[in-house]
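Subject: Structure handover

Hello,

Here is the structure I promised to pass on. My notes on it follow below.

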Amino acid sequence: PGGEEFARGRRAIVSARQLGALKRHHREQRRAGLSLVQVAEPNASAKDEVSVRQLDDLGNEFVGEIGVGQEKHCNGTKCEVSDESVQYVVFDTGSTNTWLTWVLCAMCASGHSKYDPDHSFTSDRSGTPGKPLSVQFGTGTIEGELAKDTLRVGRFVAKGQHFGMIREQRGDIFKQVRLEGIVGLAFPSMSANGVTPFFDSLIQQHAMARNEFAFYLSWNDLSNNAIFWGGVSPAFYEGNIEYFPVTDSHYWSLDMPSFRIGDKVMLSAQVAPQSTGGADVLSKLAGLLTGAAAPWGFADQPKAIVDSGTTFFAAHGELFHKIMERLPAAKCADMTKDSHPDITFTLVNAAGEERDFVFTSDQYMLGKDKCTAAFMRVDIPEEHGPGMIMGETFMRYHFSVFDRRDGRPENARIGFAKAKHGDEVGAALNKMLETKEGAREPA
């Protein structure tokens with residue numbers, strides 16, 4: 001899959017907030033979403049259907065709806081069941097745990113939906129719920145308690161799901177976007193406190209006929225974005241889906257023999273950056289004194305991590321700086337193939353064959369008058385690197401299927417196909433929205 005077939009001379013549309021955040025990040029390194037409308041294609045059974053949600057850009061993140069808990073509304077002898085709350089969350093393939101806003105969160109923004117376990121008849125207070133939890137993100141801090149209840153996407157339900165209830169949150173990200181929670185879609189090895197992740201619960205409860213989810217992100221229309229659960233629709237991609245095995249089932253990591261800018265290899269087994277991310281202080285000091293780098297977990301095969309929670313491409317510290325030196329900010333009209341050549345990610349498919357994913361400067365340089373490279377610095381832990389992150393910028397051009405197959409992490413794979421773009425995609429999404437699911441049956 002190459003870059004030339006994509007519309008040359010038309011840059012991907014990103015929000016002013018996204019572009020501003022990228023430029024701030026670049027300045028800092030020199031010194032140092034979306035709402036989802038539930039729809040489902042009608043099929044013989046809920047298990048066999050493909051559930052789809054529309055995504056709208058909030059600037060820095062893509063967020064969508066998830067139903068939390070269940071409550072009954074009775075009128076005489078007739079009762080209806082609905083979600084106790086519906087929250088806007090980031091569906092993040094780069095993390096594993098689930099956090100949702102609690103009714104006791106006084107500092108959470110007004111107008112946010114908040115979960116009240118006392119109003120949900122499916123809430124389970126037995127066992128570990130009530131245990132205090134906290135997590136540090138790059139953009140904020142979350143504290144709260146462990147809960148257990150039903151979670152729903154479309155008609156797919158995970159019963160008895162453990163998740164964190166947000167009682168306190170600090171950070172700009174919570175002020176900038178309507179973000180009420182995070183649903184991690186990575187692997188169990190990353191899970192805190194041994195909690196079964198949400199998607200693993202769906203797998204174990206046999207909720208779906210196909211244990212997969214997929215993202216469609218448009219490069220030219222921020223209203224035509226979608227996440228699919230339990231299957232895919234060919235209306236959103238061209239040709240066949242080609243699969244690539246996950247080779248480090250902690251992240252959604254693929255083998256990446258090389259990353260090149262033009263003809264120059266920037267990352268490979270022979271050209272790897274020095275590790276700085278996860279070693280303890282004494283190890284780092286020893287490395288500085290001896291000139292030796294901390295060992296990488298996959299020094300013989302760099303990784304490409306596909307992460308829906310990362311907006312741009314990302315690289316480790318040393319590699320990031322080398323990329324930015326080679327691809328400096330410039331006037332968009334002045335860029336040439338020589339000044340800003342194609343970049344190439346080489347991945348290994350299920351047949352063991354190498355495939356090149358090529359991006360032109362029209363795709364990886366963002367802006368209207370002055371263009372900035374769509375790269376950020378993220379230090380990957382030594383045991384999972386060296387590698388790079390392929391985020392939204394990659395997924396805008398490639399329909400991406402995250403397939404757990406039989407549910408075992410070692411058998412996971414990611415499928416890519418060239419994403420369709422144009423009016424027909426919007427028409428297909430609108431048609432799906434017209435079949436929006438109706439009232440659900442009581443559990």
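Start with a weak stretch: over residues 56-60 the pLDDT (the predictor's confidence in each residue, from 0 to 100) stays under 50. For these residues the model has 26 contacts (heavy atoms within 4.5 Å) beyond four places in sequence.

This is a predicted model, so local features need pLDDT of at least 70, side-chain atom pairs count only at pLDDT 80 or more, and totals for chains, interfaces and linings use all residues. Residues are numbered from 1 along each chain as its sequence is written, and side-chain values use heavy atoms, with hydrogens and water left out.

Confidence overall: the chain has a mean pLDDT of 80. Of its residues, 74% reach 70 or more. Strand β1 (residues 38-40) has the lowest confidence, at a mean of 31. Strand β19 (residues 343-348) has the highest, at 98. Residues 2-9 have pLDDT below 50. That stretch has 17 contacts beyond near neighbours in sequence.

Fold content: the chain has 8 helices and 26 strands. These are DSSP runs, numbered from the N terminus: helices are H or I, at least four residues, and strands are E, at least two. Buried residues (under 20% relative accessible area, 1.4 Å probe, protein chains only) make up 55% of the 443.

One sheet to look at: β18, β22 and β21 form an open, antiparallel sheet in the order β18-β22-β21. Strands pair if DSSP finds at least two bridges between them. The edge strands, β18 (330-331) and β21 (365-366), each pair on one side only. β18 is joined to β22 (residues 370-373) by 2 bridges. Ala 330 has Cys 371 in β22 as its bridge partner.

Best wishes

How values were computed:
Buried means under 20% relative accessible area, exposed over 50%, partly exposed in between (1.4 Å probe, protein chains only).
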